[in-house]
Amino acid sequence: MIGICEVLGAGFQFDNAERRDWLFRDIDFQIPEGECVALMGPSGTGKTTLLHGLAGIAQLSEGTSKLNGTQISGISQREVREHLRESVAIIFQEHLLIPSLILFENVELSWALAGKPKNITPTTVLDRLAIGDERDSLPEAVSGGQAQRVAIARALAGGPKLLFADEPTGSLDEDNARRAMGEITDWCSAQDAHALIVTHDPGIAELCDRIVRLDEGTINA
Ligand SMILES: Nc1ncnc2c1ncn2[C@@H]1O[C@H](COP(=O)(O)OP(=O)(O)O)[C@@H](O)[C@H]1O
Ligand SMILES: [Mg+2]
């Protein structure tokens, strides 16, 4: 089976005065073609670090990582960025909206940078996530849950082939969490896209095709 995203022998070692141990090590993991995979595990086990390593925005201490068949370990940061911009979107745990842009512009920017994909628009994706009424607000003026929905809208507006989502429903009530997951899984099935979704919520994980667990430095499928 070909993985759309895969790591072999992934490890992350702390390298500072307080800690030199391994957060995780010897991890082989892949998102097969056509799957949405849920990554679960206790807080502090390294889910965010692994997701950033897989996505190419954090350096793993060991291992090799491929995205869409391209080896992203050992290439320049510039090449990684170009590759990411083409087909990968990330929903960060802290949302990371641009504070000086209104919500609509946060989404529009991602859409424009991706070449204005025809199968999605900033307006429709904001409306579908029930956040369209707040489109002219600045990020500071909305709640964490509203900001999270905008972060999801921004990721989808880039028309990703591969979506990394770090606890994308962590600040949402049940209705909005279901709606947001519906948008993500609908996107994946309609566009033949793939996702890795970190979540603590078993109800959310069940909506994915497969669940893997990261615990005590190893992966359990
Ligand atoms: N670059 C780093 N330097 C030091 N500690 C880190 C670094 N990155 C992550 N950590 C620590 O590693 C642990 C795992 O972090 P994280 O990947 O955010 O876990 P999770 O997402 O599973 O909660 C945490 O204790 C965090 O503080
Ligand atoms: Mg985390």
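Pro-139 counts as buried, because its relative accessibility is 14%, which falls under the 20% cut-off for burial. The model in which this value was computed is a predicted one. Pro-139 sits in the loop that runs between helix H4 (122–128) and H5. Neighbours within four places in sequence aside, the residues in contact with Pro-139 are Leu-97, Ile-98, Pro-99, Leu-101, Leu-103 and Asn-106. Gly-182, 43 residues away in sequence, is 24 Å from Pro-139 in space, C-alpha to C-alpha.

Two other loop residues stand out by their backbone angles. Most residues other than glycine have a negative phi. His-95, which is not a glycine, has a positive phi of about 70°. His-95 belongs to the loop between strand S6 (88–91) and helix H3 (103–113), and it counts as buried because its relative accessibility is 12%. Lys-116 also has a positive phi without being glycine, in this case near 50°. The loop that holds Lys-116 lies between H3 and H4. With a relative accessible area of 47%, Lys-116 is partly exposed.

From these loops the view can be widened to the interior. The largest nonpolar core has 39 residues, and within this core the residues with the most contacts are Ile-91, Val-125, Ile-152 and Leu-163. Helix H5 (residues 144–157) provides eight residues, the largest share of this core. Apart from this core lies another, of 30 residues, including Phe-24, Ile-27, Ala-55 and Val-212. Leu-163 shows what such a position touches: beyond four places in sequence, its contacts are Ala-89, Ile-91, Ala-155, Leu-156, Ile-184, His-194, Ala-195 and Leu-196.

The protein as a whole contains seven helices and 10 strands. Its radius of gyration is 17 Å, which agrees with the value near 17 Å for a compact globule of 221 residues. Along the principal axes, the C-alpha atoms fill a box of roughly 45 × 40 × 35 Å. Of the 221 residues, 48% are buried. Among contacts between residues at least 6 apart in sequence, 69% join residues at least 24 apart.

The outer surface and the charges complete the description. About 10700 Å² of the protein is exposed, and 47% of that area is supplied by carbon and sulfur atoms. There are 19 positive and 33 negative charges in the protein, and their mean positions are 4 Å apart.

Notes. Residues are numbered from 1 along each chain as its sequence is written. Chains are lettered from A and ligands numbered from 1 in the order in which they are written. This is a predicted model: local features need pLDDT of at least 70, side-chain atom pairs count only at pLDDT 80 or more; totals for chains, interfaces and linings use all residues. Side-chain values use heavy atoms; hydrogens and water are left out. Helices (H or I, at least four residues) and strands (E, at least two) are DSSP runs, numbered from the N terminus. The radius of gyration is taken over C-alpha atoms; the globule rule is 2.2 Å times the number of residues to the power 0.38. Buried means under 20% relative accessible area, exposed over 50%, partly exposed in between (1.4 Å probe, protein chains only). Contact means heavy atoms within 4.5 Å. Accessible areas come from the Shrake-Rupley method with a 1.4 Å probe; for residues, only the protein chains shown count as cover. Lys and Arg count as positive and Asp and Glu as negative; His and the chain ends are not counted. The place of a charge is taken as NZ of Lys, CZ of Arg, CG of Asp or CD of Glu. A nonpolar core is a set of buried Ala, Val, Leu, Ile, Met, Phe, Trp, Tyr and Cys residues joined through side-chain atoms within 4.5 Å.
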